[in-house]
Amino acid sequence: MGENRVDGVMGTPVVLLGAGAMGAALGRAWLAAGHPLTVWNRTAARAAALAGAGAEVASTAAGAVAAGRLVVVCLLDDESVEQALAGVELTGKDVVNLVTGTPGQARARAAWAARRGARYLDGGIMAVPPMIGVPAAGGYVFYSGSAELFEEHREVLSVPAGARYVGADAGYAALHDVALLSAMYGMFGGIAHAFALVRGEAVTPGELAPLLVDWLTAMAGSAGRTAGQLESGDYTTGVVSNLAMQVAGKETLLRTAEEQRVSVELLSPYFRLMEHRLALGSGAEDLTGVVDLLRR
Ligand code: NDP
């Protein structure tokens, strides 16, 4: 397949499998940047929606894959990748799998691609569809796997969102992705608890929200201190609020929840780990020791 010139810019042809919410956003970004796009989607109508923006629509996954070397997969999950690409010829292809999965799934998928003669790059998308193709939105994709594939296609991969390569181990994109998402759910849990505390009071959710955003933004910086302590192995350096004080202080949070008739099911697991660490004689430390208690 030849290169395509749009406004004097050479566009690398892209094959896209999946025109769901994320796939469609990616496809539109590549088309807008002048990259010829061949798209396949299980439900044909969703792929057809991209034809209006200039995409070629393939009626089968095999037909789409045959149209170009760079094959971007954005289906629902690992199982759908298995189904969509069963029996499809991948020899000589560069497969970029943007499906959210575990590190183990990514490593198995890399081995699967190698057996089929394809180079493989795994991706974890840190953006929602409206952020795709909008550089100012700050979205990006973690990539891991074949460094050669990444370098060769860095430019085209950087079109929909920023591209961050995090290692040759194909599982590392998923590992970074899931680490950030896991931290996010911890934060969502805290936010839910805070809103529950003020529910039914004269403090409106709208009044609490900006206070939460400011406080959480300020506190998020503690991750840097935790990282420093984990790397040095000394959890007593730069301690701002020691564990003994925080374990004592948590009683206020638990009693307030009781007064406000709010369940402590989101807070208790973390507090139990803090107590456990204190019982090990770590009262002068930061909260960093909780990380070690989580490792199995
Ligand atoms: P959608 O639910 O919008 O689309 C799912 C896509 O997968 C559709 O193209 C669907 O085809 C296809 N599909 C599902 N099952 C199969 C199957 N068995 N065989 C073939 N195709 C199948 O999801 P998104 O586009 O939002 O998500 C795609 C990937 O991007 C997911 O892994 C998601 O985790 C990831 N992602 C999404 C984000 C988001 O905010 N949307 C953010 C970050 C990552 P059909 O149209 O026929 O149903």
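A cavity is a set of grid points where a 1.4 Å probe fits but cannot get out. In this predicted model, a search of the whole structure finds one such cavity of 30 Å³ or more. The space in this largest cavity amounts to about 60 Å³. Its lining is made up of Asp78, Asn97, Val99, Thr100, Gly101, Thr102, Gln105, Ala106, Asp122 and Ala174. By class, three of these residues are nonpolar, five are polar and two are charged.

Among the pockets, the second largest was examined. Its volume is about 580 Å³. The lining comprises 23 residues, of which Cys74, Leu75, Leu76, Asp77 and Ser80 are the closest to the centre of the pocket. At least two lining residues come from helix 1 (21–32), and at least two from helix 4 (78–85). Twelve residues of the lining are nonpolar, eight are polar and three are charged.

The ligand is surrounded by 22 residues, with Met22, Asn41, Thr43, Gln83 and Thr100 the closest. Thr100 also belongs to the lining of the largest cavity. Several short distances to ligand oxygen atoms were computed. In the side chain of Asn41, an N or O atom is 2.5 Å from an oxygen atom of the ligand. For the side chain of Arg42, the corresponding distance is 2.9 Å. Leu75 approaches through its backbone, where an N or O atom lies 3.2 Å from a ligand oxygen. Leu75 is also one of the residues closest to the centre of the second largest pocket.

Twelve salt bridges are found in the structure as a whole. One of them joins Asp94 and Arg69, with 3.2 Å between the closest N and O atoms. Asp94 lies in strand 7 (residues 94–97), whereas Arg69 lies in the loop between helix 3 (61–65) and strand 6 (70–73), so the bridge ties together parts that are 25 residues apart in sequence. The two partners fall into separate accessibility classes: Asp94 is buried, at 1% relative accessible area, and Arg69 is partly exposed, at 40%. Both residues also take part in a network of salt bridges that links Arg69, Asp94, Arg119 and Glu152.

A second salt bridge is formed by the side chains of Glu82 and Arg109, at an N to O distance of 2.9 Å. Because Glu82 is in helix 4 and Arg109 in helix 5 (residues 103–115), this pair ties together parts that are 27 residues apart in sequence. Glu82 has a relative accessible area of 35% and is therefore partly exposed. Arg109, at 4%, is buried, the cut-off for this class being under 20%. Helix 4 thus holds one partner of this bridge and also contributes at least two residues to the lining of the second largest pocket.

Helix 5 holds a partner of a further salt bridge, Arg107. This residue pairs with Asp169, and the closest N and O atoms are 2.8 Å apart. Asp169 is located in the loop between strand 10 (162–165) and helix 7 (172–198), so the contact with helix 5 ties together parts that are 62 residues apart in sequence. Arg107 is partly exposed, with 38% relative accessible area. Asp169 is likewise partly exposed, with 28%.

How values were computed. Residues are numbered from 1 along each chain as its sequence is written. This is a predicted model: local features need pLDDT of at least 70, side-chain atom pairs count only at pLDDT 80 or more; totals for chains, interfaces and linings use all residues. Side-chain values use heavy atoms; hydrogens and water are left out. On a 1 Å grid over the protein atoms alone, a cavity is a set of points where a 1.4 Å probe fits but cannot get out, and a pocket is an open set with protein on both sides within 12 Å along at least five of seven lines; lining residues have an atom within 4 Å of a point. Grid points are joined across faces, edges and corners, and a volume is the space filled by probe spheres set on the points. Helices (H or I, at least four residues) and strands (E, at least two) are DSSP runs, numbered from the N terminus. Ala, Val, Leu, Ile, Met, Phe, Trp, Tyr, Cys and Pro count as nonpolar, Asp, Glu, Lys and Arg as charged, and the others, Gly among them, as polar. A salt bridge is a side-chain nitrogen of Lys or Arg within 4 Å of a carboxyl oxygen of Asp or Glu. Buried means under 20% relative accessible area, exposed over 50%, partly exposed in between (1.4 Å probe, protein chains only). A residue is near a molecule or strand if one of its heavy atoms lies within 4 Å of it. A polar contact is a pair of N or O atoms within 3.5 Å; within protein, one must be able to donate a hydrogen and the other to accept it, and residues adjacent in sequence count only if both atoms are side-chain atoms.
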